[in-house]
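Here are my notes on this model, point by point. Please read them with the structure open.

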Amino acid sequence: MSQSTIEIKRTQHSRLNEIDFDNLTFGEQFSDHMLEVRFSDGRWHEPQILPYGQIPMYPAVSTLHYGQAVFEGMKAFRYESDKVNIFRIEKHYDRFRRSCERVCIPEVPEEVFKEGMVELVRTDREWVPRNKYKSLYIRPIVFATDQTLGLRASRNYRFYIICSPVGNYYSEGIKPIRLTTMPKYVRAVLGGVGDVKVPGNYAASLQPTTKAQHMGYTQVLWLDAVEHRFVEEVGSMNIFFVIGDTLVTPPLNGSILPGITRNSILELAKAEGLKYEERPVSIEQLVSLHNKAQVKEIFGAGTAAVISPVGLIHHEEYEITIAADEMGPVARWFYDKITGIQHGEVAAPDSWCTVI
Ligand SMILES: *Cc1c(COP(=O)(O)O)cnc(C)c1O
């Protein structure tokens, strides 16, 4: 990418040497810089890269009251050759743009998002971990900043990108997750905001998730909001099944978040000529297929872990168990392929990697 003209105010006090890259947690340590872009008078102003730090706000700022905000979650990886790769920036921008549209946030221009991110990662490239499978998690966020308790779309916004070095999800081995349905709760309804990345979705999932965890499960298996039968997502990941010799995932029906990892898996399946279907899967059907030993693998897919194998699903009086203390062979194939692409070891489709 060409040299950008973004103004950079460098920190005088890098915190890089305070970070223990061998023991990284998820999203608790932040790199030296952040991107800031302000929207006012009907336009986005010049982006700036600033030292990561506090942002002053008034308590009446409308985001805090009505949640007019959008975020993304993506990663940069370091190659053996020391180059740094931002994974699927275009696809993430597309989703970010759609999310903004849904909650009336003015579109952050594509070049501001992309160049801003590239320049920020370039500025903080020492923060991209060197160990394989660790990465720099990138969190773009945009939110309303009008001071008003009136419920209306804000006239002022701020867009930030912050970065957090994160560890290998599987540093202590792979423990398949245990899921339960929560019949009294739904994650998202058709016509709502379940198909965009807006903060309210996650606030609403906390109570059922906490209850599920008290019951001994890792995450909630979300069912559709109308019939409470069709499987939609697992926690904040998309869900995949291997049924017989076919990879199956629910279609993007309007209440499922269109995951970039989900998309990567389907694109790779297509390119490899694997059998795959996007079709509704009801929980009853899953129980019956499981009784016929047709359910070979179940896994969640998302940026944080790439793939999380599912060991158990609890639903009312049923338990579906997938005997495994590892990833199944299909999950493993996708995991190796995607992490290989992210680290520049496996050839990727055009536009998946932004190398800097
Ligand atoms: C972010 C997210 C996913 C996964 O999306 P990726 O782009 O693969 O990280 C799935 N479901 C929900 C609800 C999410 O918020």
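Is D41 buried or exposed? D41 is exposed, because its relative accessible area is 72%, and the cut-off for that class is over 50%. Keep in mind throughout that this is a predicted model.

1. Backbone at D41. D41 sits in the loop between strand 2 (33–40) and strand 3. Its phi is near 50°. That is a positive value in a residue other than glycine. So the residue to inspect here is an exposed one, at 72% relative accessible area.

2. Backbone at D82. A second positive phi is found at D82, at about 85°. D82 is not a glycine either. Its place is the loop between strand 6 (74–78) and strand 7 (84–87). D82 counts as partly exposed, because its relative accessibility is 31% and that class lies between 20% and 50%.

3. R43 and its distance to E107. R43 belongs to strand 3, which spans residues 43–44. With a relative accessible area of 47%, R43 is partly exposed. Along the chain, R43 and E107 are 64 residues apart. Their C-alpha atoms are separated by 9.6 Å.

4. The ligand site. Which pocket does the ligand take up? The space it fills is the largest pocket. The shell around the ligand has 14 residues, and K197, Y202, E233, T261 and T303 come nearest. By class, the shell divides into four nonpolar, six polar and four charged residues. Strand 13 (237–243) and helix 5 (260–272) each supply at least two residues of that shell.

5. Polar pairs with the ligand. K197 has a polar side-chain atom 2.7 Å from an oxygen atom of the ligand. For R95, a polar side-chain atom lies 2.8 Å from a ligand oxygen atom. S236 uses its backbone instead: an N or O atom there lies 3.5 Å from a nitrogen atom of the ligand. The protein covers 96% of the 380 Å² of accessible area that the ligand has on its own.

6. R95 in its setting. Where is R95 found? R95 is part of helix 2, residues 89–102. R95 counts as buried because its relative accessibility is 5%, and the cut-off is under 20%. Its side chain makes a polar contact with the side chain of E72, at 2.8 Å. A polar side-chain atom of R95 also lies 2.8 Å from an oxygen atom of the ligand. Look at E72 and the ligand together when you check this side chain.

7. V193 and G254. V193 lies in the loop between strand 10 (177–180) and helix 4 (200–214). At 25% relative accessibility, V193 counts as partly exposed. How many residues separate V193 and G254 in sequence? They are 61 residues apart, with 8.5 Å in space from C-alpha to C-alpha.

8. H314 and D350. H314 is placed in strand 17, residues 306–315. H314 counts as buried, because its relative accessibility is 18% and buried means under 20%. H314 and D350 are 36 residues apart in sequence. From C-alpha to C-alpha, the pair is 40 Å apart in space.

9. F26 and I6. F26 is in the loop between strand 1 (7–8) and strand 2. Its relative accessible area is 45%, so F26 is partly exposed. F26 and I6 are 20 residues apart along the chain. Their C-alpha atoms are separated by 29 Å.

10. Summary for your own check. Two loop residues need a look at their backbone angles: D41, with phi near 50°, and D82, with phi of about 85°. In the ligand site, begin with the side chains of K197 and R95, then turn to the backbone of S236.

Notes: Residues are numbered from 1 along each chain as its sequence is written. This is a predicted model: local features need pLDDT of at least 70, side-chain atom pairs count only at pLDDT 80 or more; totals for chains, interfaces and linings use all residues. Side-chain values use heavy atoms; hydrogens and water are left out. A residue is near a molecule or strand if one of its heavy atoms lies within 4 Å of it. A polar contact is a pair of N or O atoms within 3.5 Å; within protein, one must be able to donate a hydrogen and the other to accept it, and residues adjacent in sequence count only if both atoms are side-chain atoms. Accessible areas come from the Shrake-Rupley method with a 1.4 Å probe; for residues, only the protein chains shown count as cover. On a 1 Å grid over the protein atoms alone, a cavity is a set of points where a 1.4 Å probe fits but cannot get out, and a pocket is an open set with protein on both sides within 12 Å along at least five of seven lines; lining residues have an atom within 4 Å of a point. A molecule sits in a cavity or pocket if more than half of its atoms lie within 2 Å of its grid points. Helices (H or I, at least four residues) and strands (E, at least two) are DSSP runs, numbered from the N terminus. Ala, Val, Leu, Ile, Met, Phe, Trp, Tyr, Cys and Pro count as nonpolar, Asp, Glu, Lys and Arg as charged, and the others, Gly among them, as polar. Buried means under 20% relative accessible area, exposed over 50%, partly exposed in between (1.4 Å probe, protein chains only).
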